Amino acid sequence: MNKEQIAILEYLRTHALGYDNRKSSTQIREELNLESGGATNEHVRDLIRDLILNHNACIGSDDKGYWIIQTETELNSVCRSLENRADAIRNRATALRNSWRTQHNG
């Protein structure tokens with residue numbers, strides 16, 4: 001975990017406990033004086049993603065922000081949202097393959 005990630009985790013643990021206290025990537029970037037990495041704060045988002053994947057951080061997210069997950073209900077809601085997004089992407093990939101087959105074999 002690097003210094004920026006430590007700062008993000010401390011910030012979320014202090015200011016974003018639970019869904020109702022979520023903070024946007026812009027708020028996090030501005031409060032911690034981090035680089036944005038692009039129009040949608042890709043740098044901040046990448047740091048948070050790495051915290052979740054490689055540092056056991058239990059950080060929830062939605063289109064409004066990030067928070068430290070406090071309940072199993074919050075955990076299940078975040079996981080259900082991620083699983084639905086994954087299903088939608090798989091369905092899109094399947095539709096593209098089917099369209100390709102139709103256009104090139106039919």
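This passage describes the nonpolar core, the packing of two helices and the setting of one histidine in a predicted model. Residues are numbered from 1 along each chain as its sequence is written, and side-chain values rest on heavy atoms, without hydrogens or water. Local features need pLDDT of at least 70 and side-chain atom pairs pLDDT 80 or more, while totals for chains, interfaces and linings use all residues.

The largest nonpolar core (buried Ala, Val, Leu, Ile, Met, Phe, Trp, Tyr and Cys residues joined through side-chain atoms within 4.5 Å; buried means under 20% relative accessible area, 1.4 Å probe, protein chains only) has 18 residues. Ile8, Leu12, Ile28, Ile48, Ile59 and Tyr66 have the most contacts inside this core. Two or more residues each come from helix H1 (3-15), helix H3 (42-54) and strand S2 (65-68); these are DSSP runs, H or I of at least four residues for helices and E of at least two for strands. Beyond four places in sequence, Leu12 is in contact (heavy atoms within 4.5 Å) with Leu17, Ile28, Ile59, Tyr66 and Ile68.

H1 and H3 pack at about 80°, with axes 10 Å apart; the axes are lines fitted to C-alpha atoms over the stretch in contact, and angles run from 0 to 180 degrees between N-to-C directions. H1 is therefore roughly perpendicular to H3, a label for angles of 65 to 115 degrees. Glu4, Gln5 and Ile8 of H1 meet His43, Leu47, Ile48, Asp50 and Leu51 of H3.

His43, in helix H3, counts as buried because its relative accessibility is 18%. Apart from residues up to four places away in sequence, His43 touches Glu4, Glu35, Ser36 and Gly37.

How values were computed
Buried means under 20% relative accessible area, exposed over 50%, partly exposed in between (1.4 Å probe, protein chains only). Angles under 35 degrees count as roughly parallel, over 145 as roughly antiparallel, 65 to 115 as roughly perpendicular and the rest as oblique.
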